[in-house]
Amino acid sequence: MSNQKHFSKSQRFKELLLITLLGDIPTLALGTKLRSWLYRIIFAQLDSSVYIQNGVEFLGADKISIGKRAHIFKGVRIDAQGHSNNQIYLSHGVAIERNVDIGCLDNTSIYIDEETFIGPDVCIAGPGDITIGKRCLIAAHSGIYANNHNFSNPLEPIKSQGITRQGIVIEDDCWLGHGVTVLDGVTIGEGSVIGAGAVVTKDIPPFSVAVGVPARVVKNRMSQQLSERGVGISSP
């Protein structure tokens, strides 16, 4: 245990030193190249051609992996501190826009797959596991929250009653509009579109269009496509 604590302190010192020295160098060729090269000392994995703008904060970088051609813009905060099993993985070609906040809390895995775009001011938070598939579009000011607070006892402070954590899965090729909220325990099926401002509290089937609070499915994209092609769809 003492060795683990020593390693954590040593790792955090290296992390603070490098990010303090390099994190605010303006995003010119020099600043970007220095971060892409020297941050490899502190990250679990940092592949080639990664673009990290100035003003990005990393915590627990030894639990963060970033794939090729990922772009991370100013004001982003990625926090994998806490449990030794925490893991944040940004796959190849992921783009994280300004002021996004990604946080693990305890014993959490957050996986964002290839070529997914996360818009400005999005919050993605554990401690439940979160998986976002390939080529997804998450619009600005959306929130993905993989936990719920217990509140059954009105005589006890809510913050003292603990939480539940089921996890969230957003499958490939989904589009979440501006200000969408996704709550714990939800799976959004492949190819689905979630309208602006919707609150997703239940699973959404693949290729659905869902809107409202709470979100409800109003259209199936696959059925619409078949209808437009003149293909008959039999009733169940």
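**View 1. Arg77 in a predicted model, and its salt bridge to Glu57.** Arg77 is partly exposed, as its relative accessible area is 30%, and this residue belongs to a model that is predicted. The side chain of Arg77 meets that of Glu57 in a salt bridge, with a distance of 3.5 Å from N to O. This pair links distant parts of the chain, for Arg77 sits in strand 6 (residues 77-79) and Glu57 in strand 3 (residues 57-59), with their positions 20 residues apart in the numbering. Glu57 also counts as partly exposed, its relative accessibility being 36%.

**View 2. The salt-bridge network of Glu57, Arg77 and Asp79.** Arg77 takes part in a further salt bridge, this time with Asp79, in which the closest N and O atoms are 3.7 Å apart. Asp79 counts as buried, because its relative accessibility of 14% falls under the cut-off of 20%. Salt bridges thus link Glu57, Arg77 and Asp79 in a network, in which Arg77 is bonded in this way to Glu57 and to Asp79.

**View 3. The salt bridge between Lys63 and Asp62.** The structure holds three salt bridges, and one of them joins Lys63 to Asp62, the closest N and O atoms being 3.7 Å apart. Lys63 counts as buried at 17% relative accessibility, whereas Asp62, at 25% relative accessibility, counts as partly exposed.

**View 4. The aromatic cluster of Tyr39, Phe43 and Phe58.** Five aromatic pairs are found in the structure, among them the pair of Tyr39 and Phe58, whose ring centres are 6.0 Å apart and whose planes stand at 85°, so that the pair is edge-to-face. Because Tyr39 lies in the loop between helix 2 (29-38) and strand 1 while Phe58 lies in strand 3, the pair ties together parts that are 19 residues apart in sequence. Tyr39 is buried, with a relative accessible area of 0%, and Phe58 is likewise buried, with a relative accessible area of 1%. The rings of Phe43 and Phe58 have their centres 4.9 Å apart and their planes at 80°, and this pair is therefore edge-to-face. Phe43 lies in the loop between helix 2 and strand 1, so its pairing with Phe58 in strand 3 ties together parts that are 15 residues apart in sequence. Both Phe43 and Phe58 are buried, and ring pairs link these two residues and Tyr39 into a cluster.

**View 5. The open sheet of seven strands.** The strands follow the order 1-4-7-10-13-18-21, and their pairing is parallel. Strand 1 (45-46) and strand 21 (187-188) stand at the edges with a single partner strand each, so one side of each is left without a neighbour in the sheet. Within the sheet, strand 10 (residues 109-112) pairs with strand 13 (residues 130-132) in the parallel sense, over three bridges. Ile110 has Ile130 as its bridge partner in strand 13.

**View 6. A nonpolar patch on the surface.** The patch is formed by Phe117, Leu137 and Trp175, which together have about 290 Å² of accessible area. Phe117 has its place in strand 11 (residues 117-118), and this residue counts as partly exposed, with a relative accessibility of 31%.

Definitions and conventions: Residues numbered from 1 in each chain as written. Predicted model: local features only at pLDDT ≥ 70, side-chain atom pairs only at ≥ 80, totals over all residues. Heavy atoms only, no water. Pairing = 2+ DSSP bridges. Helix = DSSP H or I, 4+ residues; strand = E, 2+ residues; numbered from the N terminus. Salt bridge = Lys/Arg side-chain N within 4 Å of Asp/Glu carboxyl O. Buried < 20%, exposed > 50% of the residue type's maximum accessible area, 1.4 Å probe, protein only. Patch = residues over 30% accessible without salt bridge, like charges linked within 9 Å, V, L, I, M, F, W, Y side chains within 5 Å. Areas by Shrake-Rupley, 256 points an atom, 1.4 Å probe, with all protein chains shown as cover. Phe/Tyr/Trp six-rings, centres within 6.5 Å; stacked < 30°, edge-to-face > 60°.
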